[in-house]
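Reader: Please walk me through this one. Each time you use a term, I'd like to hear what it rests on.

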Amino acid sequence: MAKPKVFATHQLFEEARQILNAACDVEYWANEERPPREEVLRHVKDKEGLVCLLTEKVNDELLRVAPKLRIAANVAVGYDNIDVATCTKRGVVATNTPGVLDETTADFAWTLMMAVARRLAEGEQLARSGNWKGWNLDQLCGADIWGKTLGLVGFGRIGRAVARRALGFQMKVIYTDAVKAPEEIAKSLNVEYRDMNTLLAESDFISLHVPLMPETRGLFDSPKFYRMKPTAFLINTSRGPVVEEAALVAALDAKKIAGAALDVYENEPFIHPGLKRPNVVLAPHLASASLETRTNMAVMAAKNVVALFTGQTPPNMLNPAVLNKF
Ligand code: GLV
């Protein structure tokens, strides 16, 4: 029997390719540059499977041109690029990669937090510039992290992994979430629940760990920044549109907050020019980018595709209802 045809919008990693190739006839996008939209649409036309990155929109337009498509496997945990409801309507399974990137992403939230608090980017620039005149008492003094209050907005797997790291820094950790964490988890991580406004007022560092959905789009707007301490920092490793960038720039201009460290942006890869300032650390969407984790994510996506085409339930289905349609 002919193997099902799959389009992967990236070459993926060898480990993932081996899994996919064993069960599917895969066409890989081989260019370094991401495929333009027309190319994605052209290549997916006759395919039964799609392995895609978060930069590809799996929406009505794509699903219409790919009538044979049965699965769209996202190599990412966030799936705001996928219109899951339309996938379900059209009988297409959608999957993501939860769990494998939690610790790596938490590491990076901490990387950003430490970098912005301790002015690492400015220091690195000075060290490389040839203009460093040597140690000086008040040179690039930043803010302490240890002993401060960390506010987590979103307390799922990644938020909890960030909280666990705070234990070693003797921080007070508070969180806000639509759902309160079970008491034993809050206790073991030494965290306390706060409503949003209280968290904004108490935190020295605020780190965002919510998915992008209608309720969280633009969550961090001007009133939120005005409720933060003028000495506080915002860290975002979630999704760019959770923060209104223009409002963040205005808050930085008005010194309503001390700084920010961002991995994600409202309109990637565009970065608001007002964010390019010394007290903002900017990273190009790297939070899950360790080789181990990115490989695991690709393997997970490959396994989801192969599961479907070998008659099993893909382990990371976002729309289990769709299986009733087959
Ligand atoms: C990365 O941003 C992801 O959602 O996995």
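Reader: What makes the pair formed by His285 and the ligand a polar contact?

Author: The term asks for a pair of N or O atoms within 3.5 Å (within protein, one must also be able to donate a hydrogen and the other to accept it, and residues adjacent in sequence count only if both atoms are side-chain atoms). Here an N or O atom in the side chain of His285 lies 2.7 Å from an oxygen atom of the ligand, so the pair qualifies. Please bear in mind that this is a predicted model, where local features need pLDDT of at least 70 and side-chain atom pairs count only at pLDDT 80 or more, while totals for chains, interfaces and linings use all residues. Residues are numbered from 1 along each chain as its sequence is written, and side-chain values use heavy atoms, with hydrogens and water left out.

Reader: Which atoms of Gly78 and Arg239 lie 2.8 Å and 2.7 Å from a ligand oxygen?

Author: For Gly78, a backbone N or O atom lies at 2.8 Å; for Arg239, a polar side-chain atom lies at 2.7 Å. The protein covers 88% of the 190 Å² of accessible area that the ligand has on its own (Shrake-Rupley method, 1.4 Å probe; for residues, only the protein chains shown count as cover).

Reader: How do you know which residues surround the ligand?

Author: A residue is near a molecule or strand if one of its heavy atoms lies within 4 Å of it. Leu54, Ala76, Val77, Gly78, Leu101, Arg239, His285 and Met297 surround the ligand. This shell divides into 5 nonpolar, 2 polar and 1 charged (nonpolar: Ala, Val, Leu, Ile, Met, Phe, Trp, Tyr, Cys and Pro; charged: Asp, Glu, Lys and Arg; polar: the others, Gly among them).

Reader: Why are strand 2 and strand 5 called edge strands?

Author: Helices (H or I, at least four residues) and strands (E, at least two) are DSSP runs, numbered from the N terminus, and two strands pair if DSSP finds at least two bridges between them. In the open parallel sheet ordered 2-1-3-4-5, strand 2 (25–28) and strand 5 (93–95) each have a single partner strand, so one side of each lacks a neighbour in the sheet.

Reader: How do you know that strand 1 and strand 3 pair?

Author: They share 3 bridges in the parallel sense, so the minimum of two is met. Ala8, for instance, has Val51 as its bridge partner in strand 3.

Reader: What makes up the other sheet, and what lies across it?

Author: 7 strands, in the order 8-7-6-9-10-11-12, form an open sheet with parallel pairing. Helix 5 (residues 102–117) lies across strand 6, strand 9, strand 10, strand 11 and strand 12, where contact means heavy atoms within 4.5 Å. Helix 5 runs at about 150° to strand 10 (axes are lines fitted to C-alpha atoms, for helices over the stretch in contact, and angles run from 0 to 180 degrees between N-to-C directions).

Reader: What is unusual about Pro269 and Leu12?

Author: Most residues other than glycine have a negative phi, and most peptide bonds are trans. The bond from Glu268 to Pro269 is cis, with omega near 5°, and Pro269 lies in the loop between strand 11 and strand 12. Leu12 is not a glycine, yet has a positive phi of about 60°; Leu12 sits in the loop between strand 1 and helix 1 (14–23).
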